[in-house]
Amino acid sequence: MKISVVLPCYNEEGNIKLLYNELRRVLTNKYEFEIIFVDDGSVDGTLSTIKEIAMDDRKVKGISLSRNFGHQSAIIAGMNSASGDYIITMDADMQHPPTLIPTLINKANEGYDIVLTIRKSTVDAKFIKRITSHLFYRFFNYLSDIPLKEGSADFRLMTRNAANVFLGLPEKVRFNRGLINWMGFKTAFVEYHSPRRISGKSKYTFIRMIKFAIAGILSFSSKPLKIPFILGILSFIFGLGYSMYVLVQFINGMTIPGWASTIILILMLGGAQMLSLGIVGLYIARIFEETKQRPIYIIKERINIE
């Protein structure tokens, strides 16, 4: 049984060697394994550090992407080069504890096709990030037919069969957590507490988290498309009620020229129309991205990979 550990990296120069040493400690003399670092267009010394380690250890493989294609695409790039019977994906920031790997493998040996990890807490997570993360899962699960457990991470194990199905899915703009749940394979869950980041800073800024949330919702929910319909009904009801009020005022001879009511109507109806167009536009943009048929990543260099 061979284990492939796939590690997407973006500006993680300070964590690479620490993570490698910890992985070697956990895996050596217990499993046949390979460690695949995927440099996602880093601008620091991440790639040179990977090359340095790979020169001394043939079990370490490296993939350098031509630019920053994003975390989800980097995971796919690494999985496509993995040869293991079990494929484990985890971040390179030392916040996914390597000591949990034997637990994941033991669960897979019990007959599970996918073993997902659930983050219960993060030592250095700020209050805003905890709140926004909680709201994302609540909002996503409300809209989507494919529920996600709160705290789901990209730290997971997949059997070769499950990985082949996952890699065969044709989406270009990928929300991997949702796709894995959608496949429906027999799944186990393992909880963990995320330690403090040793070096560097989180790449998930607030803007990137918003984009990530939008990608997930657009991939697994059509419910936002119903919002324009609901807004249209509400606007019609409001307009009908207001028309009746104006008619009564006219009959009673109480109509007077005024700009307040006109402005309110224009703002409400205009806002509803713009929101509706925006929602439809997001889905059209997603269709546009899928129809271009461009690769989701481009490999510039391979290290220890034939």
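Helices and strands here are DSSP runs, numbered from the N terminus, and a loop is named by the elements on either side of it, as with His96, which sits between E4 and H4. The model is a predicted one.

Taken as a whole, the chain carries 10 helices and 8 strands. It runs to 306 residues, 44% of which count as buried. Among contacts with a separation of 6 or more, 84% are between residues 24 or more positions apart. As for the outside, the accessible surface is about 16600 Å², and carbon and sulfur atoms make up 62% of that.

Next comes the nonpolar interior. In soluble globular proteins, nonpolar side chains tend to end up buried together. In this model the largest nonpolar core has 36 residues, and Leu23, Phe37 and Ile101 have the most contacts inside it. Quite a few elements chip in with at least two residues each: strands E1, E2 (32–39), E4 (86–89), E6 and E7, plus helices H1 (13–27), H2 (46–56) and H4 (101–109). H1 gives the largest share, 6 residues. Another core, of 25 residues, lies apart from this one, and Val6, Ala77, Met79 and Ala163 are among its members. Back in the largest core, Phe37 shows what the packing looks like from one side chain. Setting aside neighbours within four places in sequence, Phe37 is in contact with Leu7, Cys9, Ile16, Leu19, Tyr20, Ile50, Val60, Lys61, Gly62 and Ile63.

Rings get their own short story. The structure holds just 1 aromatic pair. Phe155 and Tyr192 make it up, meeting edge-to-face with 6.0 Å from centre to centre and 80° between the planes. The pair ties together distant parts of the chain, with Phe155 in strand E6 (residues 152–159) and Tyr192 in strand E7 (residues 187–194), 37 residues apart. Both Phe155 and Tyr192 are buried. Two other rings have a charged partner over them. Arg67 lies over the face of Phe69, 4.0 Å from the ring centre, while the charged end of Lys149 is over the ring of Phe189, at 4.9 Å from its centre.

The aromatic pair also leads to His96. Leaving out neighbours within four places in sequence, His96 is in contact with both Phe155 and Tyr192, as well as with Met90, Asp91, Ala153 and Asp154. His96 counts as buried because its relative accessibility is 5%, and the cut-off for buried is under 20%. A polar atom of the His96 side chain lies 2.9 Å from the backbone nitrogen of Asp91.

Ser4, in strand E1 (residues 2–9), is a polar residue worth a look. Ser4 has a relative accessible area of 0%, so it is buried. The Ser4 side chain has polar company all the same: a polar contact of 2.5 Å joins it to the side chain of Glu34, and it reaches the backbone nitrogen of Gly84 at 2.8 Å. Not counting residues up to four places away in sequence, Ser4 touches Glu34 and Gly84 along with Ala82, Ser83, Tyr86, Ile87 and Ile88.

Asn176 is another case of this kind. Asn176 belongs to helix H7 (residues 176–183) and counts as buried because its relative accessibility is 0%. Beyond its neighbours within four places in sequence, Asn176 is in contact with Gln72, Ile75, Ile76 and Phe166. Ile76 is 100 residues away from Asn176 in sequence, yet the C-alpha to C-alpha distance is 9.1 Å.

Pro224 gives a further example of residues brought together from separate stretches of the chain. Pro224 lies in the loop between helix H8 (206–220) and helix H9 (227–251). Even in that loop, Pro224 counts as buried, because its relative accessibility is 11%. Again leaving aside neighbours within four places in sequence, the contacts of Pro224 are Leu143, Ile217, Ile279 and Tyr283. Ile279 is 55 residues from Pro224 in sequence, and the two are 6.8 Å apart in space, C-alpha to C-alpha.

Note on methods. Residues numbered from 1 in each chain as written. Predicted model: local features only at pLDDT ≥ 70, side-chain atom pairs only at ≥ 80, totals over all residues. Heavy atoms only, no water. Helix = DSSP H or I, 4+ residues; strand = E, 2+ residues; numbered from the N terminus. Buried < 20%, exposed > 50% of the residue type's maximum accessible area, 1.4 Å probe, protein only. Contact = heavy atoms within 4.5 Å. Areas by Shrake-Rupley, 256 points an atom, 1.4 Å probe, with all protein chains shown as cover. Polar contact = N/O pair within 3.5 Å; in protein donor to acceptor, adjacent residues only side chain to side chain. Phe/Tyr/Trp six-rings, centres within 6.5 Å; stacked < 30°, edge-to-face > 60°. Lys NZ or Arg CZ within 6 Å of the ring centre and 35° of its normal. Core = buried A, V, L, I, M, F, W, Y, C linked by side-chain atoms within 4.5 Å.
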